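Q: I have a model open and would like to learn how to read helix packing and pockets from it. Can you walk me through it?

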Amino acid sequence: PAPRPHAPSPRARGSSLRAGHRPPPERDPGGAGGGCGAPGSPPRQDRPVLETILYAICLENTSPEQADAAYGRLHSDFHDLNEVRVSSISELSGAFAGLPHPERRALQVRSALGYIFEKSVVSERREAFEFDSLQKMTLEQAVKQLGKIRELSEFVRACTLQAILGSHLVPADDRMTDAAVWLGLLPPGT
């Protein structure tokens, strides 16, 4: 099928994600909610970088529908991203109920928000959660920057790089890797 033209949503016009509450973006009616390696869907490039990271955390080892639901809960269960940042792992785990490894997801979210908040405060940016400068970096610089967020999985990093830079990476979570081994595309133990 021919690619659909994609106009940025009104939410994508802002250059950063403010600490105030913002509802999750509307689901793309023609494809999976967030791209990032979802079968048959191009990566969404209208999300700010931080939202892309958060969605990728929700998407790992789940379906796009499950990721959309978890992403929505993350935004609706908490007043704003600063509340998410200072919440306990057990409090955050509730947003990921029904998904594999909710505590690990909660840790990744807190780690990402903490790093981005500290980076923003140190650089004296007006926005508490601004990380869109990643879009202007080379692949090598962006990989290095994402590597500083220690708790992020390789899937989340690859998904983010694919979505924001259009890099030629295939974000493969455990389910995709297992399928590739089963099909004989990868050696066992990969």
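Q: In which hand does helix 6 pass helix 7?
A: Keep in mind that this model is predicted. Helix 6 makes a right-handed crossing as it passes helix 7.

Q: What describes two packed helices?
A: You give the angle between their axes and the distance between the axes. Here, helix 6 and helix 7 have axes 11 Å apart and an angle of about 140°. The two are therefore oblique to each other, since over 145 would count as roughly antiparallel.

Q: Which residues of helix 6 and helix 7 meet?
A: On the helix 6 side you'll find L139, A142, V143, L146 and G147. Facing them from helix 7 are R157, T160, L161 and L165. Sorted by class, that contact has 6 nonpolar, 2 polar and 1 charged residues.

Q: Now helix 1: at what angle do its axis and that of helix 7 cross?
A: Roughly 135°, and the axes come within 9 Å. Helix 1 and helix 7 are therefore oblique to each other, and helix 1 passes helix 7 in a right-handed crossing. To see who touches whom, pick out V49, T52, I53, A56, I57 and L59 in helix 1, then F155, V156, C159, T160, A163 and I164 in helix 7. This contact counts 10 nonpolar and 2 polar residues, with no charged ones.

Q: How do the axes of helix 1 and helix 2 cross?
A: Take residues 49-59 for helix 1 and 64-76 for helix 2: the axes cross at roughly 125° and come within 8 Å. That pair is therefore oblique as well, and helix 1 passes helix 2 in a right-handed crossing. E51, L54, Y55, C58 and L59 of helix 1 meet P64, A67, D68, A70, Y71 and L74 of helix 2. In this contact, 9 residues are nonpolar, none is polar and 2 are charged.

Q: Let's turn to pockets. What volume does the second largest pocket have?
A: About 310 Å³. Its lining has 19 residues, and those closest to its centre are E60, S153, E154, F155 and A172.

Q: Which helices each supply at least two residues of that lining?
A: Helix 5 (102-122), helix 6 (139-147) and helix 7 (154-165) each do. Helix 7 gives the most, with 5 residues.

Q: And how does the lining of the second largest pocket split by class?
A: Count 8 nonpolar, 4 polar and 7 charged residues. Compare that with the contact of helix 1 with helix 7, which has no charged residues.

How values were computed:
Residues are numbered from 1 along each chain as its sequence is written. This is a predicted model: local features need pLDDT of at least 70, side-chain atom pairs count only at pLDDT 80 or more; totals for chains, interfaces and linings use all residues. Side-chain values use heavy atoms; hydrogens and water are left out. Axes are lines fitted to C-alpha atoms, for helices over the stretch in contact, and angles run from 0 to 180 degrees between N-to-C directions. Helices (H or I, at least four residues) and strands (E, at least two) are DSSP runs, numbered from the N terminus. Angles under 35 degrees count as roughly parallel, over 145 as roughly antiparallel, 65 to 115 as roughly perpendicular and the rest as oblique. A crossing is left-handed if the near helix is turned anticlockwise from the far one by less than a right angle, and right-handed if clockwise. Contact means heavy atoms within 4.5 Å. Ala, Val, Leu, Ile, Met, Phe, Trp, Tyr, Cys and Pro count as nonpolar, Asp, Glu, Lys and Arg as charged, and the others, Gly among them, as polar. On a 1 Å grid over the protein atoms alone, a cavity is a set of points where a 1.4 Å probe fits but cannot get out, and a pocket is an open set with protein on both sides within 12 Å along at least five of seven lines; lining residues have an atom within 4 Å of a point. Grid points are joined across faces, edges and corners, and a volume is the space filled by probe spheres set on the points.
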